[in-house]
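Subject: Structure for your review

Dear colleague,

I am handing over the structure we spoke about, and I would be glad if you could look through it before reading my notes. The sequence and the coordinates come first, and what I found is set out after them.

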Amino acid sequence: MSVVAKGKVCVTGAGGFLASWVVDLLLSKDYFVHGTVRDPDNEKYSHLKKLEKAGDKLKLVKADLLDYSSLQSAIAGCIGVFHVASPVPSSSVPNPEVEVMAPAVDGTLNVLKACVEANVKRVVYVSSAAALMMNPNWSKNQVIDESCWSDLEFCKRTEVKRILNPSSLTCYFPHLLFTEISPFWQNWYCASKTQAESEAFEFAKRTGISLVSICPTMVFGPVLQQHTVNASTLALAKLLKEGFESRENQVRLIVDVRDVAQALLLVYEKPEAEGRYICTAHKAKEKDVIEKLKSLYPNYNYPKSYVEVEERSTMSSEKLQKLGWTFRPLEETLVDSVESYRKAKILD
Ligand SMILES: NC(=O)c1ccc[n+]([C@@H]2O[C@H](COP(=O)([O-])OP(=O)(O)OC[C@H]3O[C@@H](n4cnc5c(N)ncnc54)[C@H](OP(=O)(O)O)[C@@H]3O)[C@@H](O)[C@H]2O)c1
């Protein structure tokens, strides 16, 4: 791909936690942005209109991932697309095939088809560590790299049978931090990200469209949105206010939402970027994260005790770092998260 000239780009699901930061970053770099939202008049997107340069450079376009013509309209005239939208439920959903799988998989293919039609030069797709981790063949101390794929059938099998202890996977999948979550529900998200990403790359191979994916681990950081709380934000907020009696001292792989946005822009702008990129910054035991938070904010209702558990396979962002990606210190992420949660009244 030749170097992408600045111009009009589309961000799907613009009002979400990560996408809002992607929009903000793109506006700050003078891109014109088409941000897709499902209901442009909804108050929950009001933060987007307040972003610097939004008045001149941001157009909110109504689109649903399952409505092809709405995506066509949103993507027409764009030279790049950041496909961020995907369901990330924070509780069980009655019909996961329809509510999770279809928007993730069919929705991604719809986005890609519209990109081919609009002659988009590069698509950056937000996948997840969930598309790499969920595989019974990975050994305990394995460092997962971009060649690793979750086993789709394994994801689907674990819907109905608890093969893995879900708490052992919480370092990658923020929604699993919730105690009420059943294993039935959790793997639909993993399955949706795995199938969507692998079908996206197959589609790109067939059509020749330039596709790069970013696979973040657990994303924390400040929220721009003021009226909704996404799953990973809720997960961290619960650690501050839920007062859990006892928790497993799992390793958490954490990355800041602003650094993920930078990663998306980096792989968009770098012509040599190709394939998948794991996006993770810090490996920390949950108890250590809590101790750090306690030292900064002593007055929250933190977990009361921790039980030690075996470490699992881990991940590396070496490929992304070789491309020039850097990340901020964990303390900055934690402080900025808590300060923004306070402002958004998430901890009340
Ligand atoms: N947060 C994490 O820890 C994490 C980690 C790894 C990967 N990711 C990935 O990052 C992306 C963004 O996640 P997030 O954390 O920012 O969650 P989020 O705030 O819940 O964002 C999800 C977005 O998807 C949109 N969406 C869902 N179904 C849609 C549909 N049928 N049509 C159009 N839009 C739809 C939502 O739109 P509405 O506003 O209309 O509901 C929302 O804007 C997702 O692809 C997720 O898999 C997140």
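The notes below take up the ligand shell, then two helix contacts, and then two residues in loops.

Please keep in mind throughout that this is a predicted model.

To begin with the ligand, there are 27 residues around it, and those that come nearest are Gly13, Gly16, Ser86, Asn230 and Ser232. By class, the shell around the ligand is made up of 16 nonpolar, 8 polar and 3 charged residues. Helix H1 (17-28), H5 and strand S8 (218-220) each contribute at least two residues to this shell, and the largest share, 3 residues, is the one that H1 provides.

H1 also takes part in a helix contact, since it packs against helix H10 (residues 257-269) at an angle of about 60°, the two axes being 9 Å apart. Angles that are neither under 35 degrees, nor over 145, nor from 65 to 115 count as oblique, and H1 and H10 are therefore oblique to each other. The crossing in which H1 passes H10 is right-handed. On the H1 side the contact is made by Phe17, Leu18, Trp21, Val22 and Leu25, while H10 brings Val257, Arg258, Val260, Ala261, Gln262, Leu264 and Leu265. Sorted by class, the contact of H1 with H10 holds 10 nonpolar, 1 polar and 1 charged residues.

The second contact involves H5, which was named above for the ligand shell. The axes of helix H4 (residues 68-75) and helix H5 (residues 96-117) come within 9 Å and cross at roughly 45°, which makes H4 oblique to H5. Here too the crossing, that of H4 past H5, is right-handed. Tyr68, Leu71, Gln72 and Ile75 of H4 make the contact with Asn110, Val111, Ala114, Cys115 and Glu117 of H5, and these residues divide into 6 nonpolar, 2 polar and 1 charged.

Finally, two loop residues may deserve your attention when you check the backbone. Asp30, in the loop between H1 and strand S2 (32-37), has a phi near 70°, a positive value in a residue other than glycine. Asp30 has 10 other C-beta atoms within 10 Å, and because 12 or fewer is the limit, this residue is exposed. Asn119, which sits in the loop between H5 and strand S5 (122-126), likewise is not a glycine and has a positive phi of about 55°. With 11 C-beta neighbours inside 10 Å, Asn119 also counts as exposed.

With best regards

Conventions: Residues numbered from 1 in each chain as written. Predicted model: local features only at pLDDT ≥ 70, side-chain atom pairs only at ≥ 80, totals over all residues. Axes fitted to C-alpha atoms, helices over the stretch in contact; angles between N-to-C directions. Helix = DSSP H or I, 4+ residues; strand = E, 2+ residues; numbered from the N terminus. Left-handed = near helix turned anticlockwise from the far one by under 90°. Contact = placed C-beta atoms within 7 Å. Nonpolar A, V, L, I, M, F, W, Y, C, P; charged D, E, K, R; others polar. Near = placed C-beta within 6 Å. Buried ≥ 20, exposed ≤ 12 C-beta atoms within 10 Å, placed from the backbone.
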